[in-house]
Protein chains: 2
Amino acid sequence: MQELLMIDGLQYSNWSPELFRQMREGGLSAVHATIAYHETARETLSRIGEWNRRFEAFPDLIRPVRQASDIRLAQQEGRVGIFFGFQNCSPIEDDIDLVEVFRQLGVFIMQLTYNNQSLLASGCYEREDNGISRFGRQVIEEMNRVGMLIDMSHSAERSTLEAIELSSRPVIISHANPTSFHAARRNKSDAVLRGIAESGGLLGFSTYPFHLRGGSQCQLSEFCDMVARTADMMGIDHIGIGTDLCQQQPLQVLEWMRNGRWSKAKDYGEGSADNADWPAPLHWFRDSRDFPVIVRGLRERGFAEDEVRKIMGLNWLDLLERGTAPRQ
Amino acid sequence: MQELLMIDGLQYSNWSPELFRQMREGGLSAVHATIAYHETARETLSRIGEWNRRFEAFPDLIRPVRQASDIRLAQQEGRVGIFFGFQNCSPIEDDIDLVEVFRQLGVFIMQLTYNNQSLLASGCYEREDNGISRFGRQVIEEMNRVGMLIDMSHSAERSTLEAIELSSRPVIISHANPTSFHAARRNKSDAVLRGIAESGGLLGFSTYPFHLRGGSQCQLSEFCDMVARTADMMGIDHIGIGTDLCQQQPLQVLEWMRNGRWSKAKDYGEGSADNADWPAPLHWFRDSRDFPVIVRGLRERGFAEDEVRKIMGLNWLDLLERGTAPRQ
């Protein structure tokens, strides 16, 4: 297991040395950490400041990933590399210059929308989907230029297909599953997934119960079967893991994610008034320590060793190397 | 002249390709560009964004200085390296974490105050000077840690002496002159200048007429005589140039510098109601093209060639190498 380079393509946890140790115990060399949902530019600087404090306080456990090659260093050092992403475009506000400024601060990935319509595109919970806005076209071009990956995990179908068409670099779905496996609003159609693969991008399979058939009862074999079917459709080079782990977060964080400052009435997102809290975790995937369980499941499903390596980390690493270098 | 590495330790001009060409024509390899006077954190991000646009638009003329060694590269490339500084602590607001965030964005230098009392210290125009505040002590320690130079050009005497005592790394006066040469509020006592030298820091001689004996009529020989006397007191390794050039700026920029958002009544700073506008420039130092005039003046005053090199750029380069590397 030691030499397997593993990357988690999305977590938003209540970060602590305990959770960093779990990442290491699970064999992770890098984690994509969400640092903003609805934050303004100024608030996002504080989120980055908080990460700087963690890098200073726990240098034995974690390290910042300033360029993709730092992930190899993290593996050699036995530390977990952290790279930043936004789940929304709120940090850039209405200012195209902030794309490059945040890229300079280590932000590798930005979603164009989070469930709702944004200044750039439409979210997967909107009634209507106008595709990519005027500002959105400019931002896609700028993200391509500075090397910030376009993530459409929470975006609507037309917006996603247009983003793929407009972008000259890979577009990703960092955390979701195929609609063909489980028809949730957040999951993705075959048309979207084929487009993502054609763009050179990647789908990170989610372990968030709302994205899985059977919810918290989904079995490891079903999960691995979904991976196999998706590999057949998208190709083995275009899939990875994006667990969507939100560990040890209080309900109010889930409410911030769902409601931000935009809603007076309570919005329940993927939940409901009767089911408002965090879902129960999968019994076979409690947290970062269970990454080896997925590895075992993929092997049992019949994936070859080099395929397992690609899915568990090498595809993410290759994507980051291709997608985050500034264009010369 | 070609091999002489020259650095201007402060400018705040109405940046344009014309001015960048003048810097190159004058033989400059690097310029310390002020990017904030009274800006908030958010506003400062836009100032950085504007510089990113200039770096993108004029790659043949300028380059960003991300580390001190980039200045050598700039010289080799025939470009002008730009490094950033704040003339005030307003960009960090009340948040110690923003020191490191702005250092990550390339800010090498920060003044603890701009004329007025700040959250950190007192300015040279205040009636009272309480020295360094509680927050100020924390910020000095943090600046020392991340490698951001402490600049006391616009600070009051006691605050400056305390900053020197508290800081474990060099403290500088990027742009001012000795009080012994010309008794202006912005100029510095011998006690301060000796302290700056003992800290390993540097005084950048200003060509701003308000800082000079005789104002706009000050002669080159008088200026060079001041340099010689200061070299005797501080040592040849602790002096440089910080012209304070504010080229092609409208009056409203001077008013922003003097009044920010803090004053309803008009404050005239170093000027007066009768003399509210920009001062007339020195006849022998119009702009960056006249750097060779200073070189000639210093040679005529009797400085040896290696001393001229130190004053014109090598002392600044050495200081930046020692003072801006993050502490391990």
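This dialogue discusses a predicted model with a chain A and a chain B, taking up a helix, an interface, salt bridges and two loop residues.

Reader: May we begin with one helix? Which residues of helix α1 of chain A are buried?

Author: A residue counts as buried when its relative accessible area is under 20%. In helix α1 of chain A, which spans residues 17–25, the buried residues are A:Leu19, A:Phe20, A:Gln22 and A:Met23. These residues lie on the same side of α1(A), because they cover an arc of only 155° around the axis.

Reader: What do the buried residues of α1(A) pack against?

Author: They pack against elements of chain A, namely the strands β1 (6–11), β2 (28–36), β3 (62–64) and β4 (80–86), together with the helix α2 (41–57).

Reader: What follows α1(A)?

Author: A:Gly27 follows the helix, and the phi of A:Gly27 is positive, near 90°.

Reader: Let us turn to the interface. How is the size of an interface often given?

Author: One often states the accessible area that is lost when the parts come together. In this model, chain A and chain B bury about 1900 Å² between them, and 47% of that area is on carbon and sulfur atoms. Three residues, A:Arg42, A:Leu45 and A:Gln104, supply 30% of the area that chain A buries against chain B, which is more than any other three residues supply.

Reader: How many residues of each chain are in contact across the interface?

Author: On chain A there are 21 such residues, and they are in contact with 21 residues of chain B.

Reader: How many salt bridges and how many residue pairs in polar contact are counted between chain A and chain B?

Author: The count is eight salt bridges. One of them joins the side chains of B:Glu56 and A:Arg145, with an N to O distance of 3.3 Å. For polar contacts, the count between the two chains is 12 residue pairs, with both residues at pLDDT 80 or more.

Reader: Which helix gives the most to the side of chain A that touches chain B?

Author: Helices α2 and α4 (97–104) of chain A each supply at least two residues of that side. The one that gives the most is α2(A), with 10 residues. By residue type, the side of chain A that touches chain B divides into seven nonpolar, four polar and 10 charged residues.

Reader: How should I read a salt bridge within one chain, and where do its partners lie?

Author: It is useful to consider the distance, the positions in the sequence and the accessibility of both partners. Over all chains, the count comes to 44 salt bridges. In one of them, A:Glu50 is paired with A:Arg47, and their closest N and O atoms are 3.0 Å apart. Both residues lie in helix α2 of chain A, three residues apart, which is about one turn of the helix. A:Glu50 is partly exposed, with a relative accessible area of 29%, and A:Arg47 is partly exposed as well, at 23%.

Reader: Which residues form a salt bridge that ties together parts of chain B farther along the sequence?

Author: B:Arg145 forms a salt bridge with B:Glu100, the closest N and O atoms being 2.8 Å apart. B:Arg145 belongs to helix α5 (residues 134–146) of chain B and B:Glu100 to helix α4 (residues 97–104) of chain B, so the pair ties together parts that are 45 residues apart in sequence. B:Arg145 is partly exposed, with a relative accessible area of 22%, whereas B:Glu100 counts as buried at 18%.

Reader: Which residues are linked with B:Arg145 and B:Glu100 in a network of salt bridges?

Author: The network also includes A:Glu56 and B:Glu142.

Reader: Finally, how should I read a residue in a loop? Is B:Thr207 buried or exposed?

Author: One looks at its place, its accessibility and its contacts. B:Thr207 lies in the loop between β8 (203–205) and α8 (220–234) of chain B. B:Thr207 is buried, with a relative accessible area of 6%. A polar atom of its side chain lies 3.0 Å from the backbone oxygen of B:Thr243. Not counting residues up to four places away in sequence, B:Thr207 touches several residues, including B:Leu212, B:Phe223 and B:Phe285.

Reader: Where is B:Gly260 placed?

Author: B:Gly260 is in the loop between α9 (251–259) and α10 (291–301) of chain B. The C-alpha atoms of B:Gly260 and B:His38 are separated by 5.8 Å, although the two residues are 222 residues apart along the chain. Leaving aside neighbours within four places in sequence, B:Gly260 is in contact with B:His38 and B:Glu255.

Definitions and conventions:
Residues numbered from 1 in each chain as written. Chains lettered and ligands numbered in written order. Predicted model: local features only at pLDDT ≥ 70, side-chain atom pairs only at ≥ 80, totals over all residues. Heavy atoms only, no water. Buried < 20%, exposed > 50% of the residue type's maximum accessible area, 1.4 Å probe, protein only. Helix = DSSP H or I, 4+ residues; strand = E, 2+ residues; numbered from the N terminus. Arc of directions from axis to C-beta. Contact = heavy atoms within 4.5 Å. Buried area = accessible area lost by both parts, 1.4 Å probe. Salt bridge = Lys/Arg side-chain N within 4 Å of Asp/Glu carboxyl O. Polar contact = N/O pair within 3.5 Å; in protein donor to acceptor, adjacent residues only side chain to side chain. Nonpolar A, V, L, I, M, F, W, Y, C, P; charged D, E, K, R; others polar.
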